[in-house]
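Subject: Structure for you to look at

Hello,

Here is the structure I said I would pass on. My notes on it follow below.

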Amino acid sequence: MQKIQANLSGTRSINVEDIHLQTLLRYKLLDNLVDSNGIVDESVLDKLKFNIRSLLSSDAGKDKELLNLCLDVVYHSNMKALGLSNLIKLYNEWIKEHPESENTEETAATETD
């Protein structure tokens, strides 16, 4: 489990587990989320929440891991733009440290095509 800082003063944080990062990877929730300007603000957080709501209303909404991601991280009361920015950084670092996770997703995608 890792913690991401949720505010500038560092008094609030959000716990992120590997399963949360794997769920972000599985549903590609952070892919193309941030605009070309690279700025993570509240509108980007809202965009992520809208994407997740769409998934929850579909068959993917029955996925317990997606629901846990929502409850534990994305809809956490401390989640703001800074928290999302730190989540994206953590995710990118995690991908670099776990390239087998990304390869597993690519293999699964090609097998279903």
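A residue is called buried here when its relative accessible area is under 20%. Leu29 has a relative accessible area of 4%, so it counts as buried. Please keep in mind that this is a predicted model.

Leu29 sits in the loop between α1 (18-27) and α2 (42-57). Setting aside residues up to four places away in sequence, Leu29 touches Leu24, Leu48, Ile52, Leu55, Leu66 and Leu69. Its C-alpha atom is 7.5 Å from that of Asn51, although the two residues are 22 places apart along the chain. Just before this, α1 is followed by Lys28, which has a positive phi, near 55°.

Within α1 itself, the buried residues include His20, Leu21, Thr23, Leu24 and Leu25. Two of these names come up again in the largest nonpolar core, which has 27 residues: Leu21, Leu24, Met79, Leu84 and Leu87 touch the most other members. At least two residues of this core come from each of β2 (13-16), α1, α2, α3 (64-74) and α4 (81-97). The largest share, seven residues, is from α4. As for Met79, its contacts beyond neighbours within four places in sequence are Ile4, Ile14, Leu45, Val73, Val74, Leu84 and Leu87.

Next, the charged side chains. The model has two salt bridges. One joins Arg26 and Asp63, with 3.1 Å from N to O. This pair ties together distant parts of the chain, since Arg26 belongs to helix α1 while Asp63 lies in the loop between α2 and α3, 37 residues away. The other is between Glu65 and Arg26, whose closest N and O atoms are 2.5 Å apart. Here too the partners are far apart in sequence, by 39 residues, with Glu65 in helix α3 and Arg26 in helix α1. Arg26, Asp63 and Glu65 thus appear as one network of salt bridges.

Which of the three is buried, and which are partly exposed? Asp63 has a relative accessible area of 18%, so it is buried. Arg26, at 32%, is partly exposed, and Glu65, at 27%, is partly exposed as well.

Last, confidence. The mean pLDDT of the protein is 89, and 87% of the residues reach 70 or more. Among the elements, β2 has the highest mean pLDDT (97) and helix α5 (residues 99-112) the lowest (56). Over residues 107-113 the pLDDT is below 50, and this stretch has zero contacts in the model beyond near neighbours in sequence.

Regards

Conventions. Residues numbered from 1 in each chain as written. Predicted model: local features only at pLDDT ≥ 70, side-chain atom pairs only at ≥ 80, totals over all residues. Heavy atoms only, no water. Helix = DSSP H or I, 4+ residues; strand = E, 2+ residues; numbered from the N terminus. Buried < 20%, exposed > 50% of the residue type's maximum accessible area, 1.4 Å probe, protein only. Contact = heavy atoms within 4.5 Å. Core = buried A, V, L, I, M, F, W, Y, C linked by side-chain atoms within 4.5 Å. pLDDT = per-residue confidence, 0-100. Salt bridge = Lys/Arg side-chain N within 4 Å of Asp/Glu carboxyl O.
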